[in-house]
Amino acid sequence: MSLHAVNRRRFLETAATVTAATLLTSRLGWAADHKIEKIGLQLYTVRDLMKADFDGTIAKVAQIGYKEVEFAGYFGRTGQQVRAACEKNALAAVSTHVQYDELDDKFPSVIETSKVIGLKYIVCPWIPENQRDWKKAAEKFNHCGEQTKKAGMQFAYHNHWFEFLPVDGKLPYDELLKECDGNLVKMEMDLCWITAAGADPLTYFARYPGRFPLVHVKDLKKIPPLTTGGGQNFGDTVDLTSVGDGIIDWKKIFAHSEQAGIKHYIVEHDKPENPFESITKSYQYLEKLRF
């Protein structure tokens, strides 16, 4: 064999080895380097500050690094004022929480305000205990979903823990997923409350892929005792903490983000002692998180 042939063979063998190693590294790097591109905040976390200084609080949220926000009330501002405050601070107003009693006659007005702000999602965050007829709730949600779809938006429901506790042998969350049209009604899964209830988010991601475009990201220090009803002062009865300081395995959950259909990761803490300190710690943890 000529020297030229030997050199050529060695070159091809080396090139093949390098190529394989590069592909493997690339694949491993891809698997390890997923990150949240735009971290969001549920402004309920800073509600008292919003009430005192709406524009200043919005500005501070943006300064921390948040890119998206979810509203829970507008504190007397018009839709246009809300939109202007977000645009001024380069924040995307992704979604809003709307109470159950606003889903009937008031809902067209809710939609109009949401369109002015530029929201993508309208979310019902809670069903009062005396109105938890899950079949009727599903019918209402489907109707709302039809209206929001016509307006170019998406309707969704946000859970607490009671949806994962059996009622007459059935889990309300399962009933909602079964009775609601998957195209009209999505789920904003609160990853803290489903964990508190002892249920597994990954089970739902596998069973209902793509149904969870929004998630609430908040942490807790231990699993609390829970009941289906009665007094539930969230944040008082549960030992919540900033994201990354609790017991939830965020890497494990977010590794299934694509299956779940997660598009928006929204930090929340129901009752932080120091709201800005809490949301800063949560942001810093999530900004560094790779999964």
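**A walk from Phe75 to helix H6**

Select phenylalanine 75 to begin: this residue counts as partly exposed, with a relative accessibility of 30%. Keep in mind as you click around that this is a predicted model. Phenylalanine 75 sits in the loop that links strand S2 (68–71) to helix H4 (79–88). Check its backbone too: phi is near 55°, a positive value in a residue that isn't glycine.

Next, jump to aspartate 168, in the loop between S5 and H7. Here again you'll find a non-glycine with a positive phi, about 55°. Is aspartate 168 buried or exposed? Exposed, at a relative accessible area of 79%.

Now for the helix. Select residues 134–150, which make up H6. Its 17 residues reach 24 Å from the first C-alpha to the last, close to the 24 Å expected at 1.5 Å a residue.

Zoom in on the N-terminal end of H6, where aspartate 133 acts as the cap. Show side chains and you'll see one of its oxygens 3.3 Å from the backbone nitrogen of lysine 135. Then swing past the other end: H6 is followed by glycine 152, with a positive phi near 80°.

Finally, colour the buried residues of H6: Trp134, Ala137, Ala138, Lys140, Phe141, Asn142, Cys144, Gly145 and Thr148. A handy reminder while looking at that pattern: an α-helix has 3.6 residues a turn, so residues three or four places apart point the same way.

What do the buried residues of H6 pack against? Bring up helices H5 (107–117) and H7 (172–179), along with strands S4 (121–124), S5 (154–158) and S6 (185–190), and you have their packing partners on screen.

Terms used
Residues numbered from 1 in each chain as written. Predicted model: local features only at pLDDT ≥ 70, side-chain atom pairs only at ≥ 80, totals over all residues. Heavy atoms only, no water. Helix = DSSP H or I, 4+ residues; strand = E, 2+ residues; numbered from the N terminus. Expected span 1.5 Å × (residues − 1). Buried < 20%, exposed > 50% of the residue type's maximum accessible area, 1.4 Å probe, protein only. Contact = heavy atoms within 4.5 Å. Polar contact = N/O pair within 3.5 Å; in protein donor to acceptor, adjacent residues only side chain to side chain.
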